[in-house]
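Visitor: I'd like a close look at a single part of this model, the largest pocket. Please include the cut-offs behind each term.

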Amino acid sequence: MMVNGRPTLTCASYLTDHLPGPVRVEPLRHFPVIRDLVVDLASFLTKLTRVKPWIVRDDEPAEPEVEYRQTPEELERYHQFSQCINCLLCYSACPIVGLEAGFTGPAAIALAQRYNLDSRDRGARERLEILSGDHGIWDCTFVGECSVVCPKNVDPAGAIQQYKLSSALDTLRSFVLPWGK
Ligand code: SF4
């Protein structure tokens, strides 16, 4: 919710944090309000699904009990981005989400990067094509407030910058190696 105009994880906040008051509690900014403090998250769920936040593999084994084991180092690569709790404070803090309702937004992009960095995943190229297009990473102007308000230190702004670098390198590669990336 918004507390005194700031996106706040209210389940982890105390009134004493806001003494001597007054305390103004409002629904999360940049989402349609259903009623009172309840907002409609349908647009976020659509954006989230778009980036395929799951492990993509086209060689899915027939035996469901097959395990894809990872080393602690492989886990560490994406662990930070996997800590997202979908509180959506980052969407409320982001001025671009306020201006461009279609912008995929910080948490969805951070989750896309979480799967890109997972050694079991093969969907990075698919996600890069989606996020390099309309309403993707290039809408972000790197204000950085998403990472400032994130209560789980996910650093979505960092994820978006990593993505921009990948997208730029991909474009460069397509000029240098036009017959195939
Ligand atoms: S990235 Fe952080 S602020 Fe955004 S939804 Fe996830 S936990 Fe919340």
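Guide: What follows starts with the chain as a whole, goes into the pocket and then follows the contacts around it. This is a predicted model, where local features need pLDDT of at least 70 and side-chain atom pairs count only at pLDDT 80 or more, while totals for chains, interfaces and linings use all residues. Residues are numbered from 1 along each chain as its sequence is written, and side-chain values use heavy atoms, with hydrogens and water left out.

First, some bearings. The protein chain has 8 helices and 5 strands (DSSP runs numbered from the N terminus: H or I of at least four residues for helices, E of at least two for strands). Going along the sequence, the order reads β-β-β-β-β-α-α-α-α-α-α-α-α. The C-alpha atoms of the protein chain fit a box of roughly 60 × 40 × 30 Å along the principal axes. Of the 181 residues, 35% are buried (under 20% relative accessible area with a 1.4 Å probe, protein chains only; exposed is over 50%, partly exposed in between).

Now the pocket itself. The largest pocket holds about 240 Å³ of space (on a 1 Å grid over the protein atoms alone, an open set of points where a 1.4 Å probe fits, with protein on both sides within 12 Å along at least five of seven lines; lining residues have an atom within 4 Å of a point). That volume is the space filled by probe spheres set on the points, which are joined across faces, edges and corners.

Around this space you'll find R77, Q113, N116, L117, A124, R125, L128, Y163, S166, L169, D170 and R173. Helices α5 (106–116), α6 and α8 each put at least two residues into the lining of the largest pocket. The top contributor is α8, with 5 residues. By type, the lining of the largest pocket splits into 5 nonpolar, 3 polar and 4 charged (Ala, Val, Leu, Ile, Met, Phe, Trp, Tyr, Cys and Pro are nonpolar; Asp, Glu, Lys and Arg are charged; the others, Gly among them, are polar).

For contrast, try the second largest pocket, at about 180 Å³. Its lining divides into 10 nonpolar, 2 polar and no charged residues, among them M1, L28, V38 and C87.

Back at the largest pocket, R125 is one of the lining residues, and its side chain also meets that of E129 in a salt bridge at 3.5 Å, N to O (a Lys or Arg side-chain nitrogen within 4 Å of an Asp or Glu carboxyl oxygen). Both R125 and E129 sit in helix α6, 4 residues apart, or about one turn of the helix. E129 is exposed at 53% relative accessibility, whereas R125 is partly exposed at 37%. There's also a network made of salt bridges with shared partners, joining R114, D118 and R120. Within it, D118 and R120 pair up with their closest N and O atoms 2.7 Å apart, and D118 is buried at 2% relative accessibility.

Helix α6 has one more link to follow. The side chains of E126 and K52 form a salt bridge at 3.3 Å, N to O. K52 is in the loop between α1 (42–50) and α2 (72–79), while E126 is in α6 (residues 124–131), so this pair ties together parts 74 residues apart in sequence. Both ends are partly exposed: K52 has a relative accessible area of 22%, and E126 comes in at 35%. Overall, the structure holds 7 salt bridges.
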